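Q: Please take a close look at the ligand site in this model. What surrounds the ligand, and which atoms approach it?

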Amino acid sequence: MCGIVGYNGTKRAVDILLDSLSKLEYRGYDSAGIAIRDKDIEVFKSKGKLANLKEKIENIELKGTVGIGHTRWATHGEPSENNAHPHISNDGSVTLVHNGIIENYQELILKLEKHNYKFYSDTDTEVLTNIIDYYYKKYKMGPIDAINRTMVRVRGSYAIAVMFKDYPDEIWVARKDSPMIIGQNKDGVYVASDVPAILKYTNKVYYIDNLEAACLKKDQVIFYDLNGDVIKKELTCIKWDAEAAEKEGYEHFMIKEINEQPDVIKKTINSYIQDNKIDLARSGLTEDILKSFKQIYIIACGSAYHVGVCAQYILEDLTRLPVRVEIASEFRYRNPLLDKKGLAIIISQSGETADSLAALRECKKQGVKTLGIINVVGSSIAREADYVLYTLAGPEIAVATTKAFSTQLIVSYILATEIAHIKRKINKKTYLELIKEIQTLPDKTKNILDNLTKSIQKIANKFSYIHDAFYIGRNLDYAISLEGSLKLKEVSYIHSEAYAAGELKHGTISLIEDNTLVIGIITQKEIYEKTISNLVEVKSRGAYIITVNPNDLDVSKVSNFTINIPETNKYFYPSLTVIPLQLLSYYITVSKGLDVDKPRNLAKSVTVE
Ligand code: M6R
């Protein structure tokens, strides 16, 4: 959802802002804009991708060393130049970029109209800009007073960067429930929605908390609380390296990230398993704490929810604890009845997904302990959860998640194995066998990438014309069907559905006709035959069948195209079946000539409801 950046230092701001925005385009690409301070504040905006803005300003000499920028994912108002950020207050005193949503903007318009404010756009952000201007002029007590009064008055979520005409050497920022980090090096101070935007310049960052503001000078950052009192903060060192956020010779981030999976899952495994022993101590999860839970809730959105569906099968089977998995946006509004002896696991790559964050807060409110499985260190969910297990996927740039998904699966296997062991639901031998098998997954993943990529690319080219696809499986194979189907539709715009194989006959099978693509996932031995029967049923109605199954299973009678994966323990197949499904989605999309890293209408991190 929208990306904001800012720079105040000794270098030309325009270069840094455009470069940083290019790293944030995955957050939104409906329009882009920058404001640069030289003598005056100059604003440039364009509809569409950042390239349009770059083209617009390429022949303009912009020497200023202070500026803010924005890449937009439209919420209020269509994608247009007029609605693009930065927005400017009526007389140009305040220039602002914003990520988030101001919920009471209509009430604020009425208030401002009484004071003769006029509006040129359809955005809540223009209203926010003018509210700051209103308090700035009414109380004449400077930027921090105007920003704090605004924070008290507005409802919603925001991360803002603001330039005041009267304060040429400063950028002001504030946030509530939208991500923002502030970086610093010898060349100046940087602000961004996300770490990859500034990683090239610095890995030293400050985290700004909810309802805090900061003044960014060229060599200093001053933080304030809602009372306007100065607060002290320490710089934190981010461990990601800058190259990880670059394409490094790959055509797209998605394929780069697919290929990084053996490496990042290995790193994740090694951070929790040493000397054949699982160690979760760094998260604060001691044996006694893990033993105490009587119920597990898993809450997440999108692909992270699909990890939750996999984890539900595995955790429940291994630990014999009741496990319930829920979509965060549903959970938060259903007045859930939670067991105080339960553990709520929130899975999120970004750690900023608005619904997941709200679900976490609901669990905490009800006195339930929370565990975040999170990729971005220092993100809101990571900071608010009682315990955190980090995935070591590194920066994930492609909108469609691949490597973060795979590392989340790994963490859920490790957690399930550890709880089962501590609760004596599995013996030492099984514990060691499971650990050993988890450790084989990086090589098996690499084996799939090395040996199957070419043939999957070939078959993908044949399917760029299709309108529908169905993914079917049972148990964990159904769980991974959900992810395969989402992966295909989100990047290729091909309609696809995932179905529990046994459920097809209850309606969906009527959609099967000649050459409908059906992808069958068949890895769970006890139910092989049942899924195969369901595939026979759709084949006899004309479907073209692709199967993803272990080497030892003969599916030649039913499958038109077979993707053979290495064998593993039944619990860990999702890690191996998802790889060909990612490749299939990637290559179908590339063969359609679509922008695979930035699918239409999507944003990487969904920080609004
Ligand atoms: O950052 P999160 O893991 O909380 O994001 C959740 C979903 O928005 C995310 O998994 C989304 O479904 C993916 N882009 C799909 O590839």
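A: What follows covers the ligand site, then two backbone features elsewhere in the chain.

The model is predicted. Start with the setting. The ligand takes up the space of the second largest pocket. Two domains meet the ligand here. Domain 2 (244–439) gives residues to the shell, and so does domain 3 (452–599), so the ligand lies between them. Two helices each supply at least two residues of that shell: helix 9 (302–319) and helix 15 (476–492).

Next, the shell itself. There are 14 residues around the ligand. By type, they divide into five nonpolar, seven polar and two charged. Ser 348, Gln 349, Ser 350, Thr 353 and Glu 490 come nearest to the ligand.

Now the atoms. Three of these residues place a polar atom by a ligand oxygen, as follows. Thr 353 uses its side chain: a polar atom there lies 2.4 Å from an oxygen atom of the ligand. Ser 348 also uses its side chain, with a polar atom 2.6 Å from a ligand oxygen atom. Gln 349 uses its backbone instead. One of its backbone N or O atoms lies 2.6 Å from an oxygen atom of the ligand. As for cover, the ligand taken alone exposes 410 Å². The protein buries 91% of that area.

Two backbone features remain. Most residues other than glycine have a negative phi, and most peptide bonds are trans. The peptide bond from His 85 to Pro 86 is cis, and its omega is near 0°. Pro 86 sits in the loop between strand 4 (66–72) and strand 5 (87–88). Lys 140 has a positive phi, near 50°, and is not a glycine. This lysine, Lys 140, lies in the loop that runs between helix 4 (124–139) and helix 5 (143–153).

Back to the site, in short. The ligand lies between domain 2 and domain 3, since both give residues to its shell. The protein buries 91% of the area that the ligand exposes alone.

Note on methods
Residues numbered from 1 in each chain as written. Predicted model: local features only at pLDDT ≥ 70, side-chain atom pairs only at ≥ 80, totals over all residues. Heavy atoms only, no water. Near = heavy atom within 4 Å. Polar contact = N/O pair within 3.5 Å; in protein donor to acceptor, adjacent residues only side chain to side chain. Areas by Shrake-Rupley, 256 points an atom, 1.4 Å probe, with all protein chains shown as cover. 1 Å grid on protein atoms, 1.4 Å probe; cavity = no way out; pocket = protein on both sides within 12 Å on 5 of 7 lines; lining within 4 Å. Sits in = over half its atoms within 2 Å of the grid points. Helix = DSSP H or I, 4+ residues; strand = E, 2+ residues; numbered from the N terminus. Nonpolar A, V, L, I, M, F, W, Y, C, P; charged D, E, K, R; others polar. Domains from an automatic or database assignment.
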